[in-house]
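Reader: Hi! I have a structure open here and would like to talk through its charged pairs and one of its sheets. Shall we get going?

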Amino acid sequence: MKRFAALIVVLMFIFPAAVLNVGADGTEVIAGASYDGVLTGHWDALLADDVELGGGDQIQSYMVNNNFEVEAKAENLIIRGWAACDSEILSFGYRINRDEPVFSDSFAIETEQGVFDYAAGVGADSAGRYYITIDVSGLKGSNDISAVVKLAEGVYTISLVTGFDLEFTFIQEGTGSTETPEPAQPGEKKEPILLRFNSYEMVENFFAYSSMNNHVSAIDYDEDKTCAVFITTGGSDPNVKLPFGQIPLDESLGLFDYISTEDYKAMLMIGRFDPEKVYNDPSETNLMGTFYFTTDENTEFGEARNLKYNYENSSDLQYVTIDFSRSRFWKGTLDDCRFDFFASTDLDCEYELYFIGIFADANEANAFAEAYKAGGDSILPTPEPTPEPTATPEPTATPEVTEAPEATDAPNATDAPAETEKPAEKSGCGGVIAALPAFTVAIAAALILRRRNKK
C-alpha cells in the first residue's frame, strides 16, 4: 500500500509552477516554463570579443563539458543561431540574471531558406536568425545569461533542438565574485550511501518505481554475476530512471532517506558491458554515456543538468565517478535521475549494473573505487545479523476441572450493549492492492521479470 500511496504523492508534483515576472511594458516574463506550443532553435556559436569559444567543439558539447559556465575577459558576448515558433517572433533579446530583458531589432539578421523549411516541417510559422550582442564590460563575477524571444504570449528562453534552453553562466575573468561568500561551517560528514545490486530483492526494490525507460525492454537480476542487467535494444539514448526522489516516499523499501545535495556531491557507478556486442566497431566509437539529474529546485531534465562521462574500450568492470560539485543546478534535495548508460548503441545488447554509491565528494568516491578494485565486496559493510528467535515456552499443564457450583437464580438481565464495530485490521499491501484495478498496480510495477541463472 505504501508504494501505491507514494506513487499518488509523486504524481501530485509532476507539474511545478512557473515563476512569472512582468517587464516594464507589461509583458510577462516566464522563467523556468516551457512554451505551450512549438518553440525550437539552434545555438551555432558563442563569441567573446569576436573570438569563438569552444576551441572548435560544437558549442553545446563545450558547454556540457564545462557545466554551462564560461569564464573569459570580454567587452561583448555574441550569441549566434536561429529559432522557430508557431507564434510570431516579435523580437530577439537577452536577459542577465533576473533583470529586465533587452531587445533590439538589430539582433535579427538575414535568414536563409533552410531555416524556414525546417520551421515549416515542425509546424512553426515564424522563424529567423539571431545575432545577439551583449555588453558585458560592466559585469563582475558570475552572472546568468539567457537568450530570449518576445512573443505575443510573453517572453521565453529560446529552447533548442538538442533539448535544453539557451542559458549559461558568464564569469568575467579577473573580477572575482560580486558577493562575499559566507565561510563554510564545518558540519558532520555524512556516511556514503552504498547500493550493491547483489540480490533479487535489492534490484526489485530499487527499480520498483523505474518507468519510462528508453530502449530498455526488461531489467533482470543475474544470480551468477549478482548484478542488475538492462536488456537493451539498439538505438540512441538507452536509459533507465533512477528513482532517488520516489524511493524515500516508500518507507517499506528501507533503502535511504532524502538525499541532500549539500551533503553529497559525487556518485560512483560500477558497471560492465562487452563493447563488441554494443557497437559495430568500438575502436572507431566514442564510448560514452550521460547522466541527467533533477532536484526539488531544478525539476526538469535538460542539458544544463546533464553530465557526460567516457568508458574504456574494455569488457572489465567500468568505474565511473560523476562530480556534481561544479554544477550550479546541484541545489536542494536530489530527485529522480536518468541514467543514459550509453549515448547510443548499434546492436541489441546488455548492460550490467553492480553498484551505485553516493559520496560527499569525488575524492571519496574515487578512493572507494580503488578500494573496491582491490577488495571487491569484502570492503562493503557487513549487514547486522538477524536476531535468533526466542525459544517457544513449554505449555503448562491444564488444571483439573472441578465440579461446577449449583446455579443460582440469575439476576434480571439488563439490555445488552450494542455491539461495537470491529476495528479494521491493519493489513499489508496484498489485500489492499488486490482490490485495485490491474492497470493501476502495473503503473507502480518494476520491469523486474526474471531471475537469470546461467549455470
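Author: Happy to! First a definition: a salt bridge here is a side-chain nitrogen of Lys or Arg within 4 Å of a carboxyl oxygen of Asp or Glu. Keep in mind that this is a predicted model.

Reader: Good. Which residue forms a salt bridge with Arg338, and how far apart are the closest N and O atoms?

Author: The partner is Asp340, and the closest N and O atoms are 2.7 Å apart.

Reader: Are those two buried or exposed?

Author: Asp340 is buried, at 0% relative accessible area. Arg338 is partly exposed, with 22%.

Reader: How many salt bridges does the structure hold?

Author: It holds 7 salt bridges. One of them joins Glu352 and Lys225, with 2.6 Å between the closest N and O atoms.

Reader: Where do Glu352 and Lys225 lie?

Author: Glu352 is in strand β25 (residues 349-359), while Lys225 sits in the loop between β15 (216-222) and β16 (227-232), so this pair ties together parts that are 127 residues apart in sequence. Glu352 is buried, with a relative accessible area of 9%, and Lys225 is partly exposed at 33%.

Reader: Nice. What about Arg129, which residue does that one form a salt bridge with?

Author: Arg129 forms a salt bridge with Glu112, and their closest N and O atoms are 2.9 Å apart. Arg129 belongs to strand β10 and Glu112 to the loop between β9 and α3, so the pair links parts 17 residues apart in sequence. Arg129 is buried, with 15% relative accessible area, whereas Glu112 is partly exposed at 38%.

Reader: Which residues are joined into one network by salt bridges that share partners?

Author: Asp44, Glu112 and Arg129 are joined that way.

Reader: Switching to the sheet: what is the strand order?

Author: The order is β4-β3-β6-β10-β9, an open sheet of 5 strands with antiparallel pairing. At the edges are β4 (51-52) and β9 (108-109), each pairing on one side only.

Reader: How many bridges are there between β3 and β4?

Author: Strand β3 (residues 39-48) pairs with β4 over 2 bridges, in the antiparallel sense. For Ala48, the bridge partner in β4 is Val51.

Reader: And which strands does helix α3 touch?

Author: Helix α3 (residues 113-121) packs on the sheet and touches β3, β6 (76-85) and β10 (126-135). The direction of α3 makes about 120° with that of β10.

Methods. Residues are numbered from 1 along each chain as its sequence is written. This is a predicted model: local features need pLDDT of at least 70, side-chain atom pairs count only at pLDDT 80 or more; totals for chains, interfaces and linings use all residues. Side-chain values use heavy atoms; hydrogens and water are left out. Two strands pair if DSSP finds at least two bridges between them. Helices (H or I, at least four residues) and strands (E, at least two) are DSSP runs, numbered from the N terminus. Contact means heavy atoms within 4.5 Å. Axes are lines fitted to C-alpha atoms, for helices over the stretch in contact, and angles run from 0 to 180 degrees between N-to-C directions. Buried means under 20% relative accessible area, exposed over 50%, partly exposed in between (1.4 Å probe, protein chains only).
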